[in-house]
Amino acid sequence: MYGGTEQVEYHAAERSATRRGAEESHAAPLRAAGRYAPSPSGDLHLGNLRTALLAWAYARSAGMQFILRMEDLDERSRPQYVDSQLHDLAALGLEWDEPVLFQSQRLDRYAEIFRQLEKDGMLYECYCTRKDLAEVTRAPHRPPGSYPGTCRNLSVEQRDAGRAKLAGSGREPAFRLRTAVTTLTVTDANDGRYSGAVDDLVIKRGDGVYSYNFVSVVDDGDSGVAQIVRGNDLLPSTPRQVYVQKLLGYPTPEYRHVPLVLNDRGVRLAKRDGAVTMGRLAAFGWQAADVIQLLAESLGYSESRGYGDVRSAADFLAVFEPERLAGAHCGVRGEHDGVRRPWYVDVTALEAGPRAVLG
């Protein structure tokens, strides 16, 4: 996973103390699993549904369990969206093997690991405001969005001043991880080797909410997730997450980042783009089988290409080729190059109904 000068060497005392928390709480072996982990802040759109279908198919084709997790720490999460997302995934024929996991029910677990990291001296308070962060992350000669360690080595007086600054605005300090490397090279099963920044990432935000890069690693590790399939816009965050995995003693899953789904303006698809959710599409005559066929054709599995009529999740799994989205490093065939590009969705065409769109 790591190479050359980017080999990660953690301090043994720090690593062993933190690792014990993960190992002691989860001593029983877990069956390998894939997962899909949406945030219930709205209905799933075609981009979400395509990633879910791929995550399910990758896991099932590898003989893995498939876990569904609701990342509901986002303040925009709503119970009605949990219901609608579960309904839409079930309507497509995607089944999962365990009760749905909710991050909001795992706060004690996050707090346990947070306390251990704090005890080991691996966290520090950050007093930077959003304005401060916007300025420092735009600084030249730094990876976009990376934190330069502004608050890492402050004096007692400087920390007191930082707390006072935030107290005036009713905020608490965030807590950042004191990392030991600045870059890390990881391997993605679809995209090959990728080198990216590892900064002092936030573990707990100033509003008390644990960060995505922290809780997703804990959830995956505790659940035995051995494969992560997600949009390739998240590839840059992977080195940070792999760093945290190693620090906490979790094995690194296989990563497969898949192409994005964009609107006709080349912007990542969103619910506001119109008829791109199951509910909105139904108003134009689209049924679940039509949506499966649409998603399958976007990935090259069409009747015209010899794959038959793909109208259910089971049909999709039957023709699914796990390496279809892999790049040249895996010896991908030339005719598959197109499916590695983003899928541009013409919402106006979708509103004409399935008969006008499907092959």
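**Exercise 1. How many aromatic pairs does the count come to, and what kind of pair do F114 and F175 form?**

*Solution.* We work with a predicted model, and in this model the count comes to nine aromatic pairs. To classify the pair of F114 and F175, we begin with the distance between the ring centres, which is 5.2 Å, and compare it with the cut-off, since rings pair if their centres lie within 6.5 Å. The next step is the angle: the planes of F114 and F175 stand at 90°, and planes over 60 degrees apart count as edge-to-face. The pair of F114 and F175 is therefore edge-to-face.

We can then place the two residues in the chain. F114 belongs to helix α4, residues 107-119, while F175 belongs to strand β5, residues 174-177, so the pair ties together parts that are 61 residues apart in sequence. Both F114 and F175 are buried.

**Exercise 2. Find the residues that form one aromatic cluster with Y58, and state which charged end sits over the ring of Y301.**

*Solution.* The cluster is formed by Y58, Y301, Y307, F316 and F320. Taking Y301 from this cluster, we find the charged end of R324 over its ring, 4.7 Å from the ring centre. A further example is R176, which lies over the face of Y147 at 3.6 Å from the ring centre.

**Exercise 3. Check the length of helix α4 against the expected span, and list its buried residues.**

*Solution.* Helix α4 has 13 residues, and the expected span is 1.5 Å times one less than the number of residues. For α4 this should give 18 Å, and because the end C-alpha atoms are 18 Å apart, the model agrees with the expectation. The buried residues of α4 are R109, Y110, A111, I113, F114 and L117. When reading such a list, it helps to recall that an α-helix has 3.6 residues a turn, so residues three or four places apart point the same way. Just after α4 comes G121, whose phi is positive, at about 75°.

**Exercise 4. Describe the largest pocket and the second largest pocket by volume, lining and residue class.**

*Solution.* We start with the largest pocket, whose volume is about 1,600 Å³. It is lined by 50 residues, and those closest to its centre are S39, E71, Y212, L234 and R268. Two or more lining residues come from each of the elements β1 (33-36), α2 (46-61), α5 (130-137), α7 (212-223) and β9 (225-231). Sorted by class, the lining holds 20 nonpolar, 15 polar and 15 charged residues.

The second largest pocket contains about 370 Å³ of space. Its lining has 14 residues, with R130, R171, R205, G206 and D207 nearest the centre, and the elements that give two or more residues to this lining are α5 and β5. By class, the lining of the second largest pocket has five nonpolar, two polar and seven charged residues.

**Exercise 5. Decide whether Q227 and N190 are buried or exposed, and give one distance in space for each.**

*Solution.* A residue is buried if its relative accessible area is under 20%. Q227, which lies in strand β9, has 4% relative accessibility and therefore counts as buried. Its C-alpha atom is 8.4 Å from that of Y58, although Q227 and Y58 are 169 residues apart in sequence.

N190 lies in the loop between β6 (183-188) and β7 (192-197). With 0% relative accessibility, N190 also counts as buried. N190 and H257 are 67 residues apart in sequence, and their C-alpha atoms are 6.4 Å apart in space.

Notes. Residues are numbered from 1 along each chain as its sequence is written. This is a predicted model: local features need pLDDT of at least 70, side-chain atom pairs count only at pLDDT 80 or more; totals for chains, interfaces and linings use all residues. Side-chain values use heavy atoms; hydrogens and water are left out. Rings of Phe, Tyr and Trp (its six-membered ring) pair if their centres lie within 6.5 Å; planes under 30 degrees apart count as stacked, over 60 as edge-to-face and the rest as tilted. Helices (H or I, at least four residues) and strands (E, at least two) are DSSP runs, numbered from the N terminus. Buried means under 20% relative accessible area, exposed over 50%, partly exposed in between (1.4 Å probe, protein chains only). A charge sits over a ring if NZ of Lys or CZ of Arg is within 6 Å of the ring centre and within 35 degrees of the ring normal. On a 1 Å grid over the protein atoms alone, a cavity is a set of points where a 1.4 Å probe fits but cannot get out, and a pocket is an open set with protein on both sides within 12 Å along at least five of seven lines; lining residues have an atom within 4 Å of a point. Grid points are joined across faces, edges and corners, and a volume is the space filled by probe spheres set on the points. Ala, Val, Leu, Ile, Met, Phe, Trp, Tyr, Cys and Pro count as nonpolar, Asp, Glu, Lys and Arg as charged, and the others, Gly among them, as polar.
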